[in-house]
Amino acid sequence: DASLDQIGFNDVAYFWPSAKRSRGRFYGYRVKDRSVVEYLKFGLTDQEKDALRREAENVSKALSITNRSFDVPKNIGVEERNGVLVARYEPIPETVSALPPTKEWYSRVDIARKQIADAGYSHGDFSWHNFKSDGVKLWVLDWEEMRERRDPFVDLTSLEYGYAIYWQRKPIDQVMKDFDLRRMAAVEDLVSRGISPGALMLEWIQKNG
């Protein structure tokens, strides 16, 4: 693997995800005059490089959705340096923070989900941690799992059940009591890609029939 010096960025603050998430990628913020001017994703393995290239393409597709009510960080370049793939993005405003789990914001997120679906796509990981706001604008992040013609229940299930379980802290038995078997394929899709709360839902289904 190339060292950080070999990658060629001398004004970037690097950070690494949990080893459980990935050993093949890391991230960075390019800082100028004490402000973040660029967000970077670095891929080391072929798998991570492919994922970062796919995400950059997906971001362009998301940005092409007309009359969307959400914002997407714009990709400003993908390049390979000494065996390391670098995907560069415009930073979201520094005033942006985690989205409050309120009914009002949930409604706005669900509108964004429908707009993505109406454009023929599924985001693929419609988890609450992928939404940010500055109090006015809604930002939707992490587009590498986006696909065309995916089961329409995938994003809906990821959003509804993830929100209820992790953000509303509802007991799993309460959340799953009215589970619709038409969503089973969506649950299996989430499980296959390691997207929450797929595994938790599947475990409950297997235990409860």
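## Exercises on helices, strands and loops

In helix α2, the residues Glu 48, Lys 49, Ala 51, Leu 52, Glu 55, Ala 56, Asn 58, Val 59 and Ala 62 are buried. The model is predicted: local features need pLDDT of at least 70, side-chain atom pairs count only at pLDDT 80 or more, and totals for chains, interfaces and linings use all residues. Residues are numbered from 1 along each chain as its sequence is written, and side-chain values use heavy atoms, with hydrogens and water left out.

### Exercise 1: helix α2

Work out whether the end-to-end distance of α2 agrees or disagrees with its expected span, then find what covers its buried residues.

Step 1. Helices (H or I, at least four residues) and strands (E, at least two) are DSSP runs, numbered from the N terminus. Helix α2 covers residues 46-63, which makes 18 residues.

Step 2. The expected span of a helix is 1.5 Å times one less than its number of residues. For α2 that gives 26 Å, and its end C-alpha atoms are 26 Å apart, so the two agree.

Step 3. Now look at the buried residues (buried means under 20% relative accessible area, exposed over 50%, partly exposed in between, with a 1.4 Å probe and protein chains only). Their cover in α2 includes β2, β3, β4 and β5.

### Exercise 2: helix α3

Repeat the span check for α3, list its buried residues, and look at what comes just after the helix.

Step 1. Helix α3 runs over residues 103-118, 16 residues in total, so at 1.5 Å a residue it should span 22 Å; the end C-alpha atoms are 22 Å apart, in agreement.

Step 2. Trp 105, Tyr 106, Val 109, Asp 110, Ala 112, Arg 113, Gln 115 and Ile 116 are the buried residues of α3. The elements that cover them include β7 (121-122), β8 (131-133), β9 (138-140) and α4.

Step 3. Just after α3 you reach Gly 120, which takes a positive phi of about 95 degrees.

### Exercise 3: two helices that cross

Describe how α4 and α6 cross, and name the residues that meet there.

Step 1. The two axes come within 9 Å and cross at roughly 75 degrees. Axes are lines fitted to C-alpha atoms, for helices over the stretch in contact, and angles run from 0 to 180 degrees between N-to-C directions.

Step 2. That makes α4 roughly perpendicular to α6 (angles under 35 degrees count as roughly parallel, over 145 as roughly antiparallel, 65 to 115 as roughly perpendicular and the rest as oblique).

Step 3. From α4, Phe 153, Val 154, Thr 157 and Ser 158 meet Ala 186, Val 187, Asp 189 and Leu 190 of α6 (contact means heavy atoms within 4.5 Å).

### Exercise 4: strand β5 and its partners

Find which strands pair with β5, and decide whether β5 is largely enclosed or not.

Step 1. Two strands pair if DSSP finds at least two bridges between them. Strand β4 (residues 75-81) and strand β5 (residues 84-89) run antiparallel and are joined by six bridges. Asn 75 has Tyr 89 in β5 as its bridge partner, while Val 78 stands opposite Ala 87 in β5.

Step 2. The hairpin of β4 and β5 has two residues between the strands, and Asn 82 takes a positive phi near 50 degrees there.

Step 3. Strand β3 also runs antiparallel to β5, with five bridges. Here Leu 40 has Arg 88 as its bridge partner in β5.

Step 4. Five of the six residues of β5 are buried, so β5 is largely enclosed by the rest of the structure.

### Exercise 5: backbone details in loops

Locate Arg 34, Arg 169 and Pro 197, and note the backbone detail at each.

Step 1. Arg 34 lies in the loop between β2 (25-32) and β3 (35-43). Though not a glycine, Arg 34 has a positive phi of about 65 degrees, and at 82% relative accessibility it counts as exposed.

Step 2. Arg 169 belongs to the loop between α4 (153-167) and α5 (172-176). Its phi is positive too, near 60 degrees, and its relative accessibility of 69% makes it exposed.

Step 3. Pro 197 is in the loop between α6 (184-192) and α7 (198-208). A cis peptide bond, with omega about 0 degrees, joins Ser 196 to Pro 197.
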